[in-house]
Amino acid sequence: MNRFIEKVTLAKLDGTYIKLLNHLERQSLIILDDFGLQPLSQDIKLALLQLLEDRYGKRSTIITSQLPVAKWYEYINDPTLADAILDRLTARAHRIELKGESWRRKIKQ
């Protein structure tokens, strides 16, 4: 997720935003890891919505998060965009909730 935010921010600055969205739309799989770790600007929320809209029903997107899904609406912090983003994320989603100790801790032991 951090890289996505960085890439969108830079693409907005250097004029390659549409090119970036087109590139991301064509990828067979996108993984946005650690969703919810940092606040989302309006530009990033809109970019995320556009990415999900472009890929909906065509390509796979995986979102991982330490933040419970029930708190994603509040995290997005914009009712209209949260509705749209979460609709695209959850309408045809397979949801897997992991419980238990961190895999990294298990490997370390």
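1. Start with Ile 62, which is partly exposed in this predicted model. Its relative accessible area comes out at 38%, and the residue sits in strand β2, which covers residues 60-63. Ile 62 also belongs to a nonpolar patch on the surface, together with Leu 29 and Ile 31. Between them, the three residues have about 260 Å² of accessible area.

2. Next, the aromatics. Searching the whole structure turns up two aromatic pairs. In one of them, Phe 35 and Tyr 75, the ring centres are 5.2 Å apart and the planes meet at 75°, so this pair counts as edge-to-face. The contact ties together distant parts of the chain, 40 residues apart: Phe 35 lies in the loop between β1 (29-32) and α3, while Tyr 75 is in helix α4 (residues 72-76).

3. Are these two rings buried or exposed? Phe 35 is buried, with a relative accessible area of 1%. Tyr 75 has a value of 16% and is buried as well, because the cut-off for that label is under 20%. Trp 72 comes into the picture too: ring pairs join it with Phe 35 and Tyr 75 into a cluster.

4. Last, have a look at Asp 54, in helix α3 (residues 42-55). Asp 54 is buried but makes no salt bridge. Which side chain of opposite charge is nearest to Asp 54? That is Lys 58, 6.0 Å away, and a salt bridge needs the atoms within 4 Å. What Asp 54 does have is a polar contact of 2.7 Å, side chain to side chain, with Gln 50.

Terms used:
Residues are numbered from 1 along each chain as its sequence is written. This is a predicted model: local features need pLDDT of at least 70, side-chain atom pairs count only at pLDDT 80 or more; totals for chains, interfaces and linings use all residues. Side-chain values use heavy atoms; hydrogens and water are left out. Helices (H or I, at least four residues) and strands (E, at least two) are DSSP runs, numbered from the N terminus. Buried means under 20% relative accessible area, exposed over 50%, partly exposed in between (1.4 Å probe, protein chains only). Lys and Arg count as positive and Asp and Glu as negative; His and the chain ends are not counted. A polar contact is a pair of N or O atoms within 3.5 Å; within protein, one must be able to donate a hydrogen and the other to accept it, and residues adjacent in sequence count only if both atoms are side-chain atoms. Patches are made of residues with over 30% relative accessible area and no salt bridge: like charges are joined within 9 Å, nonpolar side chains (Val, Leu, Ile, Met, Phe, Trp, Tyr) within 5 Å. Accessible areas come from the Shrake-Rupley method with a 1.4 Å probe; for residues, only the protein chains shown count as cover. Rings of Phe, Tyr and Trp (its six-membered ring) pair if their centres lie within 6.5 Å; planes under 30 degrees apart count as stacked, over 60 as edge-to-face and the rest as tilted.
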